[in-house]
Amino acid sequence: MEDFYGLTLSHLEAQIGALGKEKYRARQLFRWVYTLSNLDFSEMTNIPKGLRTVFSEMFSLATMPVAEERHSRDGSTKLVLAAKDGYVIETVIMPEKNRVTLCVSTQIGCRMGCRFCVTGKIGFKRNLSAAEIVGQVITVREYLRKAGKSPVTNIVFMGMGEPMDNIDNVTTALDILKDQAGLDLSYRKITVSSVGLLDGLKTLDAKSAVLAISLNAADDETRSMLMPINRLYSIGKIMDFVRGFKGTKRTRITFEYILIKGVNDSLDDAKRLADLLKDVKCKINLIPYNPSSHTEFERPEPQQVDRFHQYLLDRYFTVIIRDSRGQDVGGACGQLGMGYLGDAASHGGTPRKKRTTSPEVTS
Ligand code: SF4
């Protein structure tokens, strides 16, 4: 049985066409599943009963089991979802004042090895399929609906994994999420964050999604120390890509900058960052580091964060301090998954928790 959530509308039309049935049935299915949130084939009453049975035998609409959920004091919820092969997928729901953002994962583990990141310590296990990426969105939609909570309005590809290292499945998932016959999410509501894998980034256009570059340093020496991928895709190469990116009038690339005590948080670092981005239409997110027992780095003092922030504000940058959400329930990306995936033996069996990182659960 094929996982429905990995099928674009055109793939679905092709499959239904191959059965000798009308292609518009694909649009009907998309509408039932994505627009009307009905995951029961037997209730899709504008489709003939016999065909409903055929579809129910062809396609799975099952959502992913929630292996664990943790509720943070800041309102965010981290879900650990069980994949079919025993691995687990971390996804984070972050309610804000006027929106609900979902942070999805694109890989199990990650091969980029960023030194500040817990997922980087796990190493790469496998890519998520498009069905598993879209499946996170649908699983969370059902989870929130049952809890009587507000639905997801925005999606960020900033969970476990480097999206551009799984470009085919990420592109398929973006197509499904944005399809007007289904969820119809605007590209402005979806952010894809990358360490700067240019081969993947060059395949995207301004309407694929909002692009975010995980920069974290404005000089190659510091960035290569923090992010080994910088040796391949240096800051200069990334900036060449950014300057050549053909956007719309409104396109602004986001730069993520994790502030780490004594590493990249000085005023000299702020000056280097300002010099680097002075001619780029961009937004800067400053993220004070969220310490983990798995990494050696520390969070900067609040005054240092404020000084860094003010330096950029004084130079007319759009710059926001964004705190990592859910620090009390497993911290930054991958931190919760580390408890499950730190032991490679977790592959292939029932998800098992090896070690709990930040055990406090508030509700
Ligand atoms: S920060 Fe992102 S790209 Fe780097 S190791 Fe972590 S998940 Fe991978």
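This is a short tour of two helices and a ligand site in a predicted model.

**Stop 1: helix α2.** Select residues 24–35, which form α2. Check the length of the helix. At 1.5 Å a residue, its 12 residues should span 16 Å, and the end C-alpha atoms lie 15 Å apart, so the two agree. Now show the side chains. R25, A26, Q28, L29, F30, W32, V33 and Y34 are buried. What covers them? Add α1 (9–18), α3 (49–58) and the strand β2 (59–60), which are among the covering elements. Then add α5 (130–146) and α6 (167–178), also part of that cover. Before leaving, step just past the helix to S37, where phi is positive, about 55°.

**Stop 2: the ligand.** Select the ligand and show its surroundings. Its shell holds C110, M112, G113, C114, F116, C117, T119, G120, G161 and V195. Colour these residues by character. How many are nonpolar, polar and charged? The shell has 6 nonpolar residues, 4 polar and no charged.

**Stop 3: helix α10.** Move to residues 267–277, which make up α10. Begin at its start. There, a side-chain oxygen of S266 comes within 3.3 Å of the backbone nitrogen of D268. Next, pick out D269, A270, L273, A274, L276 and L277, which are buried. Look down the axis of α10: these buried residues fall within an arc of 160°, so they line one face of the helix. Finally, bring up the surroundings. The cover over the buried residues of α10 includes two helices, α9 (235–244) and α11 (302–314). The strands β12 (253–259) and β13 (282–288) also contribute to this cover.

Note on methods
Residues are numbered from 1 along each chain as its sequence is written. This is a predicted model: local features need pLDDT of at least 70, side-chain atom pairs count only at pLDDT 80 or more; totals for chains, interfaces and linings use all residues. Side-chain values use heavy atoms; hydrogens and water are left out. Buried means under 20% relative accessible area, exposed over 50%, partly exposed in between (1.4 Å probe, protein chains only). Helices (H or I, at least four residues) and strands (E, at least two) are DSSP runs, numbered from the N terminus. The arc is that of the directions from the helix axis to the C-beta atoms. Contact means heavy atoms within 4.5 Å. A polar contact is a pair of N or O atoms within 3.5 Å; within protein, one must be able to donate a hydrogen and the other to accept it, and residues adjacent in sequence count only if both atoms are side-chain atoms. The expected span of a helix is 1.5 Å times one less than its number of residues. A residue is near a molecule or strand if one of its heavy atoms lies within 4 Å of it. Ala, Val, Leu, Ile, Met, Phe, Trp, Tyr, Cys and Pro count as nonpolar, Asp, Glu, Lys and Arg as charged, and the others, Gly among them, as polar.
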